[in-house]
Amino acid sequence: MEFWRQFLGIFGGADSASPTCSFPALYNFGDSNSDTGGISAAFEPIQAPYGEAFFHKPSGRDSDGRLIIDFIAERLGLPYLSAYLNSLGTSYKHGANFATGGSTIRRQNETIFENGISPFSLDMQIAQFNQFKARTRDLYQQAKTSYEKSRLPNQEDFAKALYTFDIGQNDLSVGFRRLSSDQLLAAIPDIVNQLAKAVQNIYQQGGRSFWIHNTSPIGCMPVNFFYNLNPPPSYVDQYGCVKTQNDMAVEFNRQLKDRVIKLKSELPEAAITYVDVYAAKIRMIGNAKAEDVYGYLVRGIRRDREWLGEGFKILHMTTILIFPKLEGLEERIHPKHKKGFSDPLKVCCGYHVKYDHVWCGTKALVNGSAVFGASCENPATSISWDGVHYTQAANQWVANHILNGSLSDPPTPITQACHRH
């Protein structure tokens, strides 16, 4: 039965008879993976070349373009979310985004100026939501024109809205920096419980539909290797990522999933979907690594042709007889045919040569010369945008693989996430 549920999920959800949900609004809680301008409004704005691939200017997003939350809004037919902290030119008719870059689930005893950890932890985001809901109710009642009302949510929409969560990665990041492995493992139950409390709070406020992302393969962030250029084989997993960090993320996700299952019994009227973003991202990274191997083979074919001349034809024919699947390899993955990503551990934006690093969008002196952390020529072929965050192309790839429900529990597409299973 589970096989068929997964199979059907790939083609649009577990229950094709379920009607499409009509979400009038979207409310998001998270970190930089889904921040659409919060941290830029609260502190210094994110600079170019961030945002240039789609918005053609900085948009408050830690990417060259759209984030997964943007693709969620598109799929639901809703406008892109305005950040709650952004007071200029914003509309909250169809929801708000409380996520900020650097946010954690648990409060951290450090400032954003030390290690980039946001003061807006999840409990603060929930407090902001509670205030937002109460304040917009008053403002809507006081509004004298249709224009004023057009930028505020209807109170009945809060019960019909979709509530999304994408947070927890920075809790692990802080843990790797400040705790031992045993201490971090001991902290995970409290971290996932605090996320559960956030869901419970919104449920008590009338929210009923929840879409919860698990955490990413944090060990695959290229920044992990900026000052560790030649890690020993035992340090990395089969994807070339930091094994201990990915193992911790897997354990976090296991406990989060168990807690979500428990939440479903605690909140009898809630439709809660657990989304395996980790599986989507590690699959994307694994595919890119495989394509990079094929690219290595093609470069070898070209080098051998130049070196052997006519003798290459004899060697090539012999190779094809032994390895028939290699026939046409060069043509199949020629750049004009190649649709995948390049090395997932290679950073698109910034200057990163050996131990010299200039972050994306910043300037610095390297060996006496001014260097700007510019974008690579084609971000659409990169997974990592700046060493920590994903490119728009990678975000879109992940969105395409999670929004259909094939990596969700229950296997429900996001357009049917209002139905309890």
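## Exercises: salt bridges, a helix and a surface patch

Glu110, Arg177 and Arg178 are joined in a network of salt bridges. This is a predicted model, and the exercises below let you explore it step by step.

**Exercise 1. Find out how many salt bridges the structure holds, and whether the partners Asp70 and Arg61 are buried or exposed.**

Solution. Let's start with the idea: side chains of opposite charge can pair when their charged atoms come close.
- Step 1: The structure has 13 salt bridges.
- Step 2: In the pair Asp70 and Arg61, the closest N and O atoms are 2.8 Å apart.
- Step 3: Asp70 and Arg61 are buried.

**Exercise 2. Decide which class, buried or partly exposed, fits Arg66 and which fits Glu74.**

Solution. You need one cut-off here: buried means under 20% relative accessible area, and exposed means over 50%.
- Step 1: Arg66 and Glu74 form a salt bridge, at 2.9 Å from N to O.
- Step 2: Arg66 has 12% relative accessibility, so Arg66 counts as buried.
- Step 3: Glu74 has a relative accessible area of 34%, so Glu74 is partly exposed.

**Exercise 3. Work out where Glu251 and Arg254 lie.**

Solution.
- Step 1: Both residues belong to helix α10 (residues 243-266).
- Step 2: They are three residues apart, which is about one turn of the helix.
- Step 3: Glu251 and Arg254 form a salt bridge, with 2.7 Å between the closest N and O atoms.
- Step 4: Arg254 is partly exposed, because its relative accessibility is 45%.

**Exercise 4. Check what span helix α5 should have, and find which of its residues are buried.**

Solution.
- Step 1: Helix α5 (residues 122-142) has 21 residues, so at 1.5 Å a residue it should span 30 Å.
- Step 2: The end C-alpha atoms of α5 are 30 Å apart, which agrees.
- Step 3: The buried residues of α5 are Leu122, Gln125, Ile126, Gln128, Phe129, Phe132, Lys133 and Thr136.
- Step 4: These residues cover an arc of only 155 degrees around the axis, so they sit on the same side of α5.
- Step 5: The face turned away from that buried side carries the exposed residues Gln131, Gln141 and Gln142.
- Step 6: Among the elements covering the buried residues of α5 are β1 (26-30), β3 (162-166) and α9 (181-204).

**Exercise 5. Name which residues make the nonpolar surface patch of about 360 Å².**

Solution.
- Step 1: The patch is made by Tyr227, Leu229 and Tyr355.
- Step 2: Tyr355 can be found in the loop between β6 (351-353) and β7 (356-358).

Technical notes: Residues are numbered from 1 along each chain as its sequence is written. This is a predicted model: local features need pLDDT of at least 70, side-chain atom pairs count only at pLDDT 80 or more; totals for chains, interfaces and linings use all residues. Side-chain values use heavy atoms; hydrogens and water are left out. Helices (H or I, at least four residues) and strands (E, at least two) are DSSP runs, numbered from the N terminus. The expected span of a helix is 1.5 Å times one less than its number of residues. Buried means under 20% relative accessible area, exposed over 50%, partly exposed in between (1.4 Å probe, protein chains only). The arc is that of the directions from the helix axis to the C-beta atoms. Contact means heavy atoms within 4.5 Å. Patches are made of residues with over 30% relative accessible area and no salt bridge: like charges are joined within 9 Å, nonpolar side chains (Val, Leu, Ile, Met, Phe, Trp, Tyr) within 5 Å. Accessible areas come from the Shrake-Rupley method with a 1.4 Å probe; for residues, only the protein chains shown count as cover. A salt bridge is a side-chain nitrogen of Lys or Arg within 4 Å of a carboxyl oxygen of Asp or Glu.
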